[in-house]
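Colleague: Could you walk me through the surface and the aromatic rings of this one? I would like to follow the reasoning as we go.

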Amino acid sequence: DGLSGIKEAITTAYPETEQQRCIVHMVRNTLKYVANKDMKEFAKDLKTVYAAVDEEAALEQLERVKGKWSPQYPYAMKRWYEKWDAVSPIFKFSADVRKAFYTTNAIESLNTTLRRLNRQRSVFPSAQALLKALYLATLEATRKWTMPIRNWGQILGELAIMYPDRIPE
């Protein structure tokens, strides 16, 4: 999330992709500029932005949070404005879909597993050997994913309606 060049690389490979920033990381990156004594209240105010019903309401809340906190923490909300194009796509989805992918932790966990594989063994005898190793590492990583996504059927249905050519039947 937020790696330099990743947006361009994904857009090149998948031109129709809409990219969404990890809300959890946006919140963490914001709160690092806030004093401990104000974090709880600031986080509560920040939640009104990413939990808003639509983008228009979110922008109103963003302005309200900025107005309230910018005298004390002028830099804290800067990223939200700079990265709004990568935050705002979430507002077109229902609350259930948002909960399913407001964080990139599962993807980051998989990337960590694949990086670990690369550190352990940086040379592979063939492309086939590399693909097999990546497959096995991915299979191993998915064993940790024990929590089901709540309301998955409903979420899949919504995504199938929004993206009929991308979700297989």
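**Patches and ring pairs**

Modeller: Gladly, and please keep in mind that this is a predicted model. Let's start with tyrosine 135, which counts as exposed because its relative accessibility is 53%.

Colleague: Where is tyrosine 135 placed?

Modeller: Tyrosine 135 belongs to a nonpolar surface patch, together with Leu136 and Leu139. The three share about 320 Å² of accessible area. As for its place, tyrosine 135 sits in helix α9.

Colleague: Is lysine 144 buried or exposed?

Modeller: Lysine 144 lies in the loop between α9 (127–142) and α10 (152–162), and it takes part in a positive surface patch with Arg115, Arg116 and Arg119. To count as exposed, a residue needs over 50% relative accessible area. Lysine 144 has 54%, so the label is exposed.

Colleague: Now the rings, please. How many aromatic pairs does the structure hold?

Modeller: A pair of aromatic rings is described by the distance of the centres and the angle of the planes. For rings to pair, their centres must lie within 6.5 Å. The number of aromatic pairs in the structure is six.

Colleague: Let's take tyrosine 33 and tyrosine 75. How many residues apart are they?

Modeller: These two form an edge-to-face pair, with 4.8 Å centre to centre and 70° between the planes. Tyrosine 33 is in the loop between α2 (23–31) and α3 (36–50), while tyrosine 75 is in the loop between α4 (55–69) and α5 (78–82). The pair therefore links distant parts of the chain, and the separation in residues is 42.

Colleague: What is the relative accessible area of tyrosine 75?

Modeller: Its partner, tyrosine 33, is partly exposed at 35%. Tyrosine 75 is also partly exposed, a label for values between the buried limit of 20% and the exposed limit of 50%. For tyrosine 75 the relative accessible area is 41%.

Colleague: And which kind of pair do phenylalanine 42 and tyrosine 73 form?

Modeller: Phenylalanine 42 is in helix α3 and tyrosine 73 in the loop between α4 and α5, 31 residues apart. Their ring centres are 6.3 Å apart and their planes stand at 75°. Planes over 60 degrees apart give the label, so this pair is edge-to-face.

Colleague: Which residue joins Phe42 and Tyr73 in one aromatic cluster?

Modeller: Phenylalanine 42 counts as buried because its relative accessibility is 0%. Tyrosine 73 is buried too, at 11%. The residue that completes their aromatic cluster is Trp69.

Note on methods:
Residues are numbered from 1 along each chain as its sequence is written. This is a predicted model: local features need pLDDT of at least 70, side-chain atom pairs count only at pLDDT 80 or more; totals for chains, interfaces and linings use all residues. Side-chain values use heavy atoms; hydrogens and water are left out. Patches are made of residues with over 30% relative accessible area and no salt bridge: like charges are joined within 9 Å, nonpolar side chains (Val, Leu, Ile, Met, Phe, Trp, Tyr) within 5 Å. Accessible areas come from the Shrake-Rupley method with a 1.4 Å probe; for residues, only the protein chains shown count as cover. A salt bridge is a side-chain nitrogen of Lys or Arg within 4 Å of a carboxyl oxygen of Asp or Glu. Lys and Arg count as positive and Asp and Glu as negative; His and the chain ends are not counted. The place of a charge is taken as NZ of Lys, CZ of Arg, CG of Asp or CD of Glu. Helices (H or I, at least four residues) and strands (E, at least two) are DSSP runs, numbered from the N terminus. Buried means under 20% relative accessible area, exposed over 50%, partly exposed in between (1.4 Å probe, protein chains only). Rings of Phe, Tyr and Trp (its six-membered ring) pair if their centres lie within 6.5 Å; planes under 30 degrees apart count as stacked, over 60 as edge-to-face and the rest as tilted.
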